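This report covers salt bridges first and the packing of a sheet second.

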Amino acid sequence: MQRSEATAPLDDIAAVPAQGYADDFEAVLDDTSVHRSTIGCVIPAYNEEESIAQVIESLLGQTRVPDAIHVVVNNTSDRTVSIASGYAGPHEIVTELGEQFTEVFVHDIGKNPDKKVGALNYGYTLVEGYDYLLGVDGDTVADAKAVEYLEGEATSDTRIGGISAIYSIDDKPIKGSIAKFLITGQRAQFAAFNLHNLLRGRNMAVLGGQFSIFSTHALREVMKENHQSTPWVKDSEVEDSLLSLQIKSAGYLTKISPFARADVGGMTTLRALDAQQVKWTYGAIELMWPGQRGDTKGQPLHPNLRVRWLENFGMLTNLFVRVAFMVLLAGSLSIGAFVFSPWWLLPPVVAILLNTRMALTMKNRDVRDVLFAVTLVPAEMYMWLRLSYFARSWTRFLSRKKVDNWAMQAKAERGAGLGHWTPLVVVVATIIAMAVIWSMLGPMVQSTILWIGWPIVGAVTVLQTLSMFFKLIRRQHGYKV
């Protein structure tokens, strides 16, 4: 800062021409590099030896470097601590925004029963005096300008309680056909979710912990209003969704940036993807269900939860149409009553067009993303996987069976557990049971079922096709996901 004018005698200041004083003032502002806020970064890390170095390097390579970076290692059994410690200490970095200083701290908190939530809350105590908390997962690598974009928008509007980057998955290092298929499906899933939130006035339903910035003032308001001692609560399967809901309820905005981008770690096995998606869906159901949890306050129509209801209704519709069509088709073929109609081709065509447009909206799309959409078969296979996770989540929730989904996901990522085979076993058993029941019905009953069933499936399919068509022709305002 230039202090000479501030300490000069009054007579000397009066002698400075008004225009010159204004120019000097602007120069002083320029020298501050417009970084008037402070950002403390928290990286909860659990067995992240393969990615933690890249995550820290991506933060040190930002045009706007966080003022402090805290790596909070918990429950680890690998080399995460030793690798992260190689970056510990002060760093002076020169970027296009000027010279910047940060310091990396590595905290090994050992055994932590609250897992990621416990690590996040530990990190919050370290940065609560900063203006913003930047939450970064231990496997998330951001574009160089991500922090700059997030800070710029957060400081531009005091109503913003948190803002998230656009997430995708870097598929270049992925090996193996199954892993590539699963990652491509997750990329398409992320793209659809991001675009949906961007087109809702950039209102983000979930400030994901992967790469989001939070106003610490908003976090304190959340803690006060909900009588919490920490921002994140340990009894939620989806701690980020709950916190986003609470920030919104406290009167703040939850936004998604149209520019900041980050690549997150994807699930490369069926076992790991099953555990992750079931945990996400199960946790979302807990938040949606009126009065199910003490901190939801029975508010299923909360703005952030409306999106969840729509997602679940859409998945239920997809499940009904597909299962009912397969059952009715098999029944029609069994009694020689099958009649093909060209109109049946219309829903798949609209689905292909919609999937293709979504793929073309992806900023870093590749040939695999486009083929995934155009050929329809891979997208349909991935949809069946998602439907199985949807069904398993609701079944688990309605059964009232208490399960530690965090532990199950960790177990699955280690390559253990057989829960991902449950949907296949259930489908096979259901097909056999339905075939036996169908063979026991008389011709009149069979014809009646087909006579009633086909119009119902047809009506639902028409409505679903119209919904896809409206999404297809909807303006996207140039957004890239």
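A salt bridge here is a side-chain nitrogen of Lys or Arg within 4 Å of a carboxyl oxygen of Asp or Glu. The model is predicted, so local features need pLDDT of at least 70 and side-chain atom pairs count only at pLDDT 80 or more, while totals for chains, interfaces and linings use all residues. Residues are numbered from 1 along each chain as its sequence is written, and side-chain values use heavy atoms, with hydrogens and water left out.

Across the whole structure, 14 salt bridges are found. Three of them are tabulated with their N to O distances.

| Pair | Distance |
|---|---|
| Glu380 and Arg322 | 2.6 Å |
| Arg202 and Glu153 | 2.6 Å |
| Lys145 and Glu96 | 2.6 Å |

Helices (H or I, at least four residues) and strands (E, at least two) are DSSP runs, numbered from the N terminus. Accessibility is classed by relative accessible area: buried is under 20%, exposed over 50% and partly exposed in between (1.4 Å probe, protein chains only).

Lys145 and Glu96 form a salt bridge. Lys145 sits in the loop between β6 (141–142) and α7 (146–156), and Glu96 in the loop between β3 (89–95) and β4 (98–108), so this pair ties together parts 49 residues apart in sequence. Lys145 is partly exposed at 28%, whereas Glu96 is exposed at 59%.

Arg202 bridges to Glu153. Arg202 belongs to the loop between α8 (177–198) and β8 (211–215) and Glu153 to helix α7, so parts 49 residues apart in sequence are tied together. Arg202 is buried at 16%, and Glu153 is buried at 14%.

Glu380 pairs with Arg322. The former lies in helix α15 (residues 377–398) and the latter in helix α12 (residues 303–334), so the link spans 58 residues in sequence. Glu380 is partly exposed at 25%; Arg322 is buried at 18%. Asp171, Arg187, Arg368 and Asp369 are joined into one network by salt bridges that share partners.

The sheet is open, with nine strands in the order β3-β4-β2-β1-β5-β8-β7-β9-β6 and mixed pairing; strands pair if DSSP finds at least two bridges between them. β3 and β6 are the edge strands, each with a single partner, so one side of each has no neighbour in the sheet. β6 runs antiparallel to β9 (residues 253–263), joined by two bridges, and Ala142 stands opposite Ala262 in β9.

Helix α4 (residues 52–60) packs on the sheet, touching strands including β1 (39–45) and β2 (68–73). Contact means heavy atoms within 4.5 Å. The direction of α4 makes about 170° with that of β1; axes are lines fitted to C-alpha atoms, for helices over the stretch in contact, and angles run from 0 to 180 degrees between N-to-C directions.
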